[in-house]
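User: I'm new to this one, so could you walk me through it at an easy pace?
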Amino acid sequence: MSETLQTTDVAASDADLLAQTAIAVREAGSALRERFGEVVRYQSREELMRALAANDDTALDILRPRLTRLRPDAGWVEDELDGGALPPGEWWVVDPAEGNVNHLHALPEWAVTATLVRENQPVLTAVHLPLTGETYTALTGAGAHLDGRPLHVSQTADLGLSIVATSQARPDEDEKVVRRVGSSITAMLFDALVVRAAVPATLHLLNVAAGRIDAFWQFAGARADLLPGALLVTEAGGRISDAEGRPWTPQSQSFLAAAPGVHAEAVSTLSR
């Protein structure tokens, strides 16, 4: 009896925590929206990096104190390019401006994300799209939602009828990984209906969770751009693995999220 009550209390606490996390990412998104609108051409990589950092800092000035108050003992990860396993305990994995380059180029595909990871498992996530006002949330065992409405992956069972997507993990990716990305896109162009290629990964994964596209894959990758979408897709009924169909972890060298009906076909295509 006491064990059941303890589990219920934790679930209730996490549900309240998710609600507060969603408020935090919406507030950070509002601050970034005020900085959005004009394309500025940068003359050097250094100028671009400073502009990216300024956006990150704008959102982090809101996110860090709010999330720290919610979980004072949790660790903090904000480098969107970090990968691999986290140390034991709770960690906030945050991307303050997911799709930051898009933001600076006045493109609409960007978001603010915050995910709580407990013992290397994502427990809850909130992803806010400031330009549409949409907030996607997921809580382990409680489903995935868009502004409170349940999300479900697609029922497509034929890769030849599927819209699929991929993304690059880093601007300066290893040549071997870049070539693998190129060959995988070629393979999908033969097998899928439509192939989309763009950044950031999280927005593609929102679409998988919502049933708008049927599969997403990426080689290499980082925690911040995959953990939020991985939890959303899983809670919406999708399948998560690496590109060979093995269980995915943040240490994996590839990632695949798909509707159950096309997962096996996608693995076969990516393994060619």
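User: How much of the chain counts as buried?
Analyst: This is a predicted model, and in it 50% of the 272 residues of the chain count as buried.

User: What radius of gyration does the chain have, and what would a compact globule have?
Analyst: The chain has a radius of gyration of 18 Å, which agrees with the value near 19 Å for a compact globule with 272 residues. Along its principal axes, the C-alpha trace spans about 60 × 50 × 35 Å.

User: And how many helices and strands are there?
Analyst: The chain contains seven helices and twelve strands. Among contacts with a separation of 6 or more, 66% come from residues 24 or more positions apart.

User: Now helices, please: at what angle do α4 and α7 pack?
Analyst: Helix α4, residues 175-191, and helix α7, residues 260-270, pack at an angle of about 130°, and their axes are 9 Å apart. That angle is why α4 counts as oblique to α7, and their crossing is right-handed.

User: Which residues make that contact?
Analyst: From α4 the contact uses S184, A187, M188 and D191, while α7 contributes A266, T269 and L270. By class, the contact of α4 with α7 has four nonpolar, two polar and one charged residues.

User: Switching topic, where is V199 found?
Analyst: V199 is in the loop that lies between β9 (194-197) and α5 (201-209).

User: Why is V199 called partly exposed?
Analyst: Its relative accessible area is 34%, so V199 falls between the limits of 20% for buried and 50% for exposed.

User: Which residues is V199 in contact with, leaving aside neighbours within four places in sequence?
Analyst: Those are N102, E109, S167 and Q168.

Terms used: Residues numbered from 1 in each chain as written. Predicted model: local features only at pLDDT ≥ 70, side-chain atom pairs only at ≥ 80, totals over all residues. Heavy atoms only, no water. Helix = DSSP H or I, 4+ residues; strand = E, 2+ residues; numbered from the N terminus. Buried < 20%, exposed > 50% of the residue type's maximum accessible area, 1.4 Å probe, protein only. Contact = heavy atoms within 4.5 Å. Axes fitted to C-alpha atoms, helices over the stretch in contact; angles between N-to-C directions. Parallel < 35°, antiparallel > 145°, perpendicular 65-115°, else oblique. Left-handed = near helix turned anticlockwise from the far one by under 90°. Nonpolar A, V, L, I, M, F, W, Y, C, P; charged D, E, K, R; others polar. Rg over C-alpha atoms; globule rule 2.2 N^0.38 Å.
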